[in-house]
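Biologist: Please take a close look at a single part of this model for me, after a few words on its overall make-up. I would like the cut-offs spelled out as you go.

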Number of protein chains: 2
Amino acid sequence: MNSFDPFFNPTGVAIIGASGDPHKLGYGVVRNLIDYHYRGPIYPINPRASEILGWPCYPTVGQAPDPCDLAVIIVPAPAVLDVINQCGRRGIRHAIVVSGGFGETGAEGQAREKALVAAAAEYKMRIIGPNCIGIIDTHTPVNTTFVVGMPQAGDISFVSQSGAMCAVVIDWARGAGVGFSRIASLGNQADVNEAEMLAAVAKDPQTRVITAYIEGVTDGRAFMKAAEEAARKKPLVVLKGGRGESGARAVASHTGALAGSAEAYEAAFHHSGVLRAETMESLFDWARALAWQPLPAGDRVAVLTNAGGPAILAVDALESAGLKLAPLTPDTCAYLRQRLPDVASVDNPVDILAGSGPGLYAVALDALLSDPTVDAALVIQAPQDWFLPASLAEVVAEVAAVHNKPVLASIMGLASVDQALAILHRQRIPNFAFPERAASALAAMLARRKWLEMPAETATTIDDIDQDAAQIAINRGDFAGALAAYGVSIPPTRLATSPAEAEIAAKAIGFPVALKLVSPDISHKSDVGGVILNLEDVTAVREAYSQIIKAARSVAVVAGPPAEIKGVLVQKMLKGGQEIIVGSRRDPQFGPLVLVGTGGVEVELRRDVATGIAPLSLSQAQTLLDGTDAAIRLRGWRATPAADRAAVIEVMRRLAQLAFDYPEIGELEINPLIVLEEGMGAYAVDIRGAWVDRDAEATRDT
Amino acid sequence: MNSFDPFFNPTGVAIIGASGDPHKLGYGVVRNLIDYHYRGPIYPINPRASEILGWPCYPTVGQAPDPCDLAVIIVPAPAVLDVINQCGRRGIRHAIVVSGGFGETGAEGQAREKALVAAAAEYKMRIIGPNCIGIIDTHTPVNTTFVVGMPQAGDISFVSQSGAMCAVVIDWARGAGVGFSRIASLGNQADVNEAEMLAAVAKDPQTRVITAYIEGVTDGRAFMKAAEEAARKKPLVVLKGGRGESGARAVASHTGALAGSAEAYEAAFHHSGVLRAETMESLFDWARALAWQPLPAGDRVAVLTNAGGPAILAVDALESAGLKLAPLTPDTCAYLRQRLPDVASVDNPVDILAGSGPGLYAVALDALLSDPTVDAALVIQAPQDWFLPASLAEVVAEVAAVHNKPVLASIMGLASVDQALAILHRQRIPNFAFPERAASALAAMLARRKWLEMPAETATTIDDIDQDAAQIAINRGDFAGALAAYGVSIPPTRLATSPAEAEIAAKAIGFPVALKLVSPDISHKSDVGGVILNLEDVTAVREAYSQIIKAARSVAVVAGPPAEIKGVLVQKMLKGGQEIIVGSRRDPQFGPLVLVGTGGVEVELRRDVATGIAPLSLSQAQTLLDGTDAAIRLRGWRATPAADRAAVIEVMRRLAQLAFDYPEIGELEINPLIVLEEGMGAYAVDIRGAWVDRDAEATRDT
């Protein structure tokens with residue numbers, strides 16, 4: 001695989017489809033290369049022109065002289081394949097295909113796109129696009145797009161699966177005076193995909209923060225790997241377009257209903273250190289803060305203001321976002337008390353009052369940033385007529401520069417603040433029109449710090465698995481057997497196909513027992529009277545057997561084709577214990593997900609679940625479980641005694657490993673997992689699963 | 001009570017404390033009256049000046065000639081009382097006290113404020129402030145503030161408990177080109193409070209939308225009344241500063257722990273038709289949309305775009321906000337198919353593609369607004385270089401004007417859109433820099449329509465209450481008796497103070513029974529082993545009695561002072577049924593709140609509750625209950641049969657009425673209310689309560 005360098009730092013650029021007509025895209029590309037100061041040679045390729053914008057034209061790319069290692073192609077779709085071949089023969093190994101009319105337009109376009117990729121592969125050529133607007137590197141500089149305007153050089157990169165979003169970023173960045181390093185439009189991703197581009201941008205020394213607009217991933221695990229590697233180096237903020245299904249359509253289990261593609265993205269992003277922005281506004285808000293300011297060491301924020309109302313809103317937003325007000329040391333308060341007006345507030349938020357000027361802001365901010373209880377500062381200014389907002393901007397930047405703590409500003413207003421904002425942005429202090437948005441950015445910075453501080457571990461393999469037994473169980477379609485082979489405890493259980501067999505089984509197991517219908521056609525057995533619990537003697541067992549069979553037959557009558565009835569399981573009843581659900585679903589993008597939470601029949605109503613990525617390390621399993629209320633109950637809540645939390649975590653890890661090891665498992669769920677008191681273990685009482693292949697899909701119960 | 005007119009439309013204004021020094025507030029007020037074109041006479045009052053900014057000065061307000069019905073007072077705090085008296089003698093009945101140094105500064109200031117109010121009352125004078133920045137009416141026009149700049153005339157009012165927020169609004173409005181009608185800074189609210197000001201602004205014919213920044217209310221029920229009356233006339237959007245306590249500090253019940261002041265504000269706002277904005281940005285976003293566009297008839301939105309990515313974000317945000325994509329009729333799709341480019345999307349979102357211009361936008365928007373399946377339209381433009389964004393702005397406004405459906409725009413970008421935004425704002429089309437914010441505004445518009453469509457009913461009195469029995473029970477401190485008198489069913493219950501008495505009681509009631517500790521010192525009895533259920537015979541009852549007493553004594557040992565043990569209740573056990581909690585808490589601001597949700601011991605962990613305002617009409621009770629998952633279960637969920645939902649609603653109404661009728665009840669809670677199958681009723685199995693007076697606080701159990 002050859003390097004991405006020529007995309008962002010080409011030695012010479014050929015524009016195939018260059019035009020002298022200012023209304024054509026092929027004109028815009030040549031214009032942008034020139035206007036935005038590309039320093040290498042530019043080769044417009046057009047058989048019907050002699051020169052374009054001062055650069056001599058060549059009839060074909062083959063005739064363009066050296067150096068030339070990047071082609072930008074803007075010819076009609078049917079002509080692109082031929083151009084790719086010409087480029088390949090010419091020795092060009094990097095092409096940006098701007099032309100549309102490929103995979104996005106239907107079957108013919110898809111075939112065209114396939115041919116394009118095949119041709120490129122022949123020459124080991126890498127292609128960005130088709131159907132993209134190209135790339136910008138403000139430091140090289142090079143701009144292969146046709147979009148008017150270019151952001152100033154900066155240190156934020158933007159990678160996008162939508163060309164329009166690139167145009168939005170360019171216009172916004174110019175208006176806001178925010179610098180960018182690279183902008184890359186990926187188009188149809190026939191060859192270069194989002195994961196590769198993230199990796200390339202992560203290596204760019206000019207980029208401090210990576211932002212991305214993503215509608216989907218090419219390969220979930222490859223994306224996660226690239227994202228995590230990028231996020232270890234620099235902040236990665238992603239806006240995900242398309243909400244995805246919350247809960248998969250065809251499901252055989254609660255897990256399927258609760259862990260859809262939306263949850264898969266959420267889990268994958270969280271796992272990989274991706275900061276997920278919910279809106280474009282927060283994408284850019286967070287990016288500025290992350291690019292320009294150091295990460296906070298902790299969650300304690302000092303708020304410095306000249307007015308009460310905006311500070312109250314800031315405190316509300318900080319607390320909502322999980323941050324705290326710094327307590328401030330008595331020394332800081334005493335120092336501020338001496339210097340601020342009498343009725344000023346020296347508690348956090350520190351209110352220096354409307355009459356105070358930039359000098360007092362400087363004194364107070366310096367004191368706050370010197371205070372060891374302060375991890376970050378937010379400086380608020382409500383509009384006033386005493387001094388220029390620009391003076392406050394200068395002062396904030398100057399004081400912030402001598403402390404290694406993040407400082408965010410909210411110089412509020414719109415009519416009076418242009419100059420102040422220009423100063424702040426030049427000095428790398430992010431400003432937010434409203435203090436609530438600053439709180440959101442601080443929360444993102446803190447989330448990144450926390451992720452960086454988590455151990456970067458990979459799930460260790462569990463070594464006491466009986467792989468042979470597991471493989472046999474899988475071959476037999478026996479989900480319970482597979483879980484048992486993976487070390488998950490299951491209460492003693494026997495299959496009975498008559499009341500007499502049920503009686504024998506119950507005696508062998510010991511009372512009390514539960515009886516449960518076995519039918520591949522009935523998924524939620526308790527809903528149809530297929531489960532009877534707490535049977536204390538032989539008579540009760542025989543009666544229950546008949547009752548269950550009768551209930552199952554009546555279901556078959558109501559629902560159409562008769563349900564297959566394989567018999568009834570006789571299972572040891574466990575006394576007491578807490579009900580947990582542990583499940584897995586294989587997501588088409590991200591592979592096996594793990595779900596854990598409060599179990600029982602009300603799982604879907606309660607929705608107290610968290611979703612992660614399989615396999616799970618010990619700490620990943622702990623963190624996942626701790627994201628649910630079930631974890632509070634497991635630790636002992638009110639009259640409920642503490643239960644065997646360690647056993648739950650073991651079951652999570654073992655089920656995750658099983659789902660990971662056997663890609664044929666589509667869904668696998670334990671509900672309830674009965675968790676006994678500490679040290680007494682956890683038992684998989686009900687197990688259901690389904691295979692990946694829809695044709696072979698089956699639901700089986702233990 | 002005299003009218004508010006002279007505050008917003010004075011015949012003449014005296015400025016006591018007027019100054020010729022441009023650095024003084026008293027200069028700013030005179031300057032603003034002049035600069036912003038107040039048409040009546042201006043009387044600067046200052047004994048040491050002969051004229052200020054061209055207007056002759058008077059030594060005292062008594063010497064100012066007629067007409068003069070408004071005083072703006074900006075003298076040091078200790079001098080304000082004397083000035084108020086002078087104004088009163090002069091016949092002035094309206095004063096705005098800008099001066100600080102009153103209630104906000106401690107005991108001395110509070111005394112000063114009290115004296116001020118007393119003096120004003122002598123003259124039947126109304127006061128805004130002290131410690132405020134005054135008022136603006138852009139239509140009169142009059143501007144009594146000292147803040148530089150004034151918004152253009154418009155139809156949004158802003159009422160604020162923070163002067164700084166007024167300054168923010170003024171600066172923002174000027175920058176954004178958004179017009180305002182009235183801006184009122186309320187200061188300390190010594191006299192005129194937020195409720196009165198809302199009422200006054202609601203009457204203003206120039207105001208179409210009221211916005212407010214509120215940190216607290218003077219009198220909860222008066223605020224609700226004023227807010228609802230205002231909201232019936234025009235949209236009322238409130239930003240609440242200060243999150244309030246979520247869960248009260250000292251609580252005797254789950255209700256106390258779950259329904260704090262934050263929930264009280266939420267319930268009161270919802271009840272009164274207040275649209276609650278979470279951020280300043282959304283406050284202004286919503287206000288523009290509500291002021292400038294009609295309400296949507298329903299939740300079906302058409303999205304018209306020139307690019308895919310931004311439309312996907314719009315759809316995500318619309319769906320998150322509870323809106324839907326309009327399905328479009330086949331006719332509309334066919335019409336669009338004929339006119340749009342071949343590969344354009346004629347499904348909603350309608351993507352006319354990057355190469356299309358304002359003409360095609362006009363054609364498509366007109367078709368969408370003509371479609372009966374469309375309730376509202378969102379027009380998106382990603383930056384492009386083919387035509388001026390201003391042309392699109394003109395076209396959108398023109399087409400929108402001939403349809404009576406809301407049209408919102410998101411002409412995206414920052415560097416290229418100034419002219420377009422100016423046109424849109426002039427034409428009353430709200431524009432949002434990012435489409436997600438437009439979705440939020442549409443959701444607010446829809447929420448308002450839904451509130452307006454709800455019946456504007458007041459809770460009807462329940463007429464079968466035994467008021468005498470209730471009063472007797474209240475006098476005895478018997479919460480269960482009071483609920484029974486209000487028609488709430490309670491299972492047969494007897495108090496026993498020995499194992500023998502328990503046996504007799506159980507026989508009289510009939511088995512099975514439950515035994516429950518009675519102790520005013522132990523609130524959560526089941527947590528300490530104070531509740532034993534399902535007792536089937538005499539032996540079990542006697543044993544349970546002893547066990548409970550033993551458990552209660554051991555609690556007393558652990559927790560310090562011995563708990564008072566009054567005996568054990570013997571109660572009829574109900575078979576099956578669903579567990580609901582119904583509770584009430586008297587909020588210091590808003591009076592009795594009602595809470596309903598999933599009951600049982602895990603109420604606080606589960607948090608499946610909704611909070612409303614007592615008393616409750618039938619439909620209010622239904623709506624409140626339907627805001628919880630408990631309502632789903634009551635209707636029959638999975639294997640759980642439908643329960644007596646009507647009985648729950650009756651209990652809610654009766655408990656709410658009781659809490660409303662007896663202000664001495666601080667907390668009152670039924671948990672669990674056991675709800676039997678449909679038609680079989682609901683029974684208050686456990687009841688706890690507490691009195692308002694903390695000294696007399698007691699917890700009692702049935």
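Modeller: Gladly! Chain A exposes about 26100 Å² (Shrake-Rupley method, 1.4 Å probe; for residues, only the protein chains shown count as cover), and 53% of that area is supplied by carbon and sulfur atoms. This is a predicted model, in which local features need pLDDT of at least 70 and side-chain atom pairs count only at pLDDT 80 or more, while totals for chains, interfaces and linings use all residues. Residues are numbered from 1 along each chain as its sequence is written, chains are lettered from A and ligands numbered from 1 in the order in which they are written, and side-chain values use heavy atoms, with hydrogens and water left out.

Of the 702 residues in chain A, 60% are buried (under 20% relative accessible area with a 1.4 Å probe and protein chains only; exposed is over 50%, and partly exposed is in between). The C-alpha atoms of chain A fill a box of roughly 95 × 80 × 45 Å along the principal axes. Chain A holds 24 helices and 30 strands (DSSP runs numbered from the N terminus: H or I of at least four residues for helices, E of at least two for strands). Among contacts (heavy atoms within 4.5 Å) in chain A with a separation of 6 or more, 70% link residues 24 or more positions apart.

Now for the close look, which goes to Glu669(B), placed in strand E27 (residues 665-675) of chain B. Glu669(B) has a relative accessible area of 0%, so Glu669(B) counts as buried. Its side chain reaches the backbone nitrogen of His254(B) at 3.0 Å, which fits the rule for a polar contact (N or O atoms within 3.5 Å; within protein, one must be able to donate a hydrogen and the other to accept it, and residues adjacent in sequence count only if both atoms are side-chain atoms). Leaving out residues up to four places away in sequence, Glu669(B) touches Ser253(B), His254(B) and Thr255(B), then Ile581(B), Val582(B) and Gly583(B), and also Asp686(B), Ile687(B) and Arg688(B).

Thr329(B) makes a good companion case. Thr329(B) sits in the loop between strand E16 (324-325) and helix H12 (330-339) of chain B, and at 19% relative accessible area Thr329(B) is buried. The side chains of Thr329(B) and Thr332(B) are joined by a polar contact of 2.9 Å. Beyond its neighbours within four places in sequence, Thr329(B) is in contact with Asp371(B), Pro372(B) and Thr373(B). Asp347(B) is 18 residues away from Thr329(B) along the chain, with 9.8 Å between their C-alpha atoms.

The cysteines come next. The count of disulfides (cysteine sulfur atoms within 2.5 Å) is zero over all chains. Cys166(A), for one, is in no disulfide, and the nearest cysteine sulfur, in Cys132(A), is 8.8 Å away. In chain B, Cys132(B) has its closest cysteine sulfur in Cys166(B) at 8.8 Å, so the pair is too far apart for a bond. Cys166(A) is buried at 0% relative accessibility, and Cys132(B) is buried at 3%.

Finally, some backbone details. The peptide bond from Asp66(B) to Pro67(B) is cis, with omega about -10°, and Pro67(B) lies in the loop between strand E4 (55-56) and strand E5 (70-73) of chain B. Leu353(A) is not a glycine but has a positive phi of about 75°; Leu353(A) is partly exposed at 25% relative accessibility.
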